[in-house]
Amino acid sequence: MKKIIFSAICILAIVCTASAQRYAIVDTRYILEKIPDYTDAQKKLDDISAQWQKEIDSKQQALDKMYKDFDAEQVMLSDVLKKKREDEIFVKEKELRDLQRKRFGFEGDLFKKRQELVKPIQDKVYTAIQKLAVAKMYDFILDKSEGITVIFADPKLDKSEDVLRELGVK
């Protein structure tokens with residue numbers, strides 16, 4: 001009887017171990033910071049960003065001077081000249097906002113430059129992680145650098161279709 005119970009426990013342990021999911025954790029920020037091409041790309045982005053910010057700051061200073069001059073001279077200006085100066089200030093403000101959006105806005109120049117310089121390096125890292133996952137037979141790999149993010153998941157673990165079937169969605 002003891003042999004049967006012991007054998008049953010051993011078989012249960014083997015089955016549980018065999019069906020256990022294997023996972024790993026990586027820190028992609030740490031990995032990227034160790035890649036010289038990435039640090040070079042990041043330096044280029046920082047330099048470009050600083051240059052663009054300097055351009056915007058100089059335009060902001062010119063706009064501030066226009067405001068200050070207008071405030072000082074406003075009482076001496078005719079209504080026509082006031083309107084003309086207000087329009088000039090409005091145009092300069094719009095140009096400045098447009099330049100800020102063009103350089104730093106969503107899908108602006110900085111975003112495009114980052115895509116050009118950094119994304120290929122990130123793609124290489126993700127490809128290496130996927131190769132590691134397949135070679136080591138990991139079911140999924142989590143990234144701990146920005147909270148927990150799933151980088152790789154074995155497609156056979158995705159139960160989305162089962163949930164859709166349960167919901168009656170085809």
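**Exercises on a predicted model**

Buried residues (under 20% relative accessible area with a 1.4 Å probe, protein chains only) make up 21% of the 170 residues in the protein. The model is predicted, so that local features need pLDDT of at least 70 and side-chain atom pairs count only at pLDDT 80 or more, while totals for chains, interfaces and linings use all residues. Residues are numbered from 1 along each chain as its sequence is written, and side-chain values use heavy atoms, with hydrogens and water left out.

**Exercise 1.** Determine the secondary structure of the protein and the order of its elements.

*Solution.* Step 1: helices (H or I, at least four residues) and strands (E, at least two) are taken as DSSP runs, numbered from the N terminus. Step 2: the count comes to 7 helices and 3 strands. Step 3: from the N terminus, the order reads α-β-α-α-α-α-α-β-β-α.

**Exercise 2.** Establish in which sense β2 pairs with β1 and with β3.

*Solution.* Step 1: pairing requires that DSSP finds at least two bridges between two strands. Step 2: β1 (residues 23-26) and β2 (residues 140-143) are parallel, with 4 bridges; Tyr 23 has Phe 140 of β2 as its bridge partner. Step 3: β2 and β3 (residues 149-153) are antiparallel, also with 4 bridges, and Asp 143 lies opposite Thr 149 in β3. Step 4: β2 and β3 form a hairpin with 5 residues between them, where Gly 147 in the turn has a positive phi of about 80°.

**Exercise 3.** State what share of contacts between residues at least 6 apart in sequence joins residues at least 24 apart.

*Solution.* Step 1: a contact means heavy atoms within 4.5 Å. Step 2: the share is 63%.

Terms used. Buried < 20%, exposed > 50% of the residue type's maximum accessible area, 1.4 Å probe, protein only.
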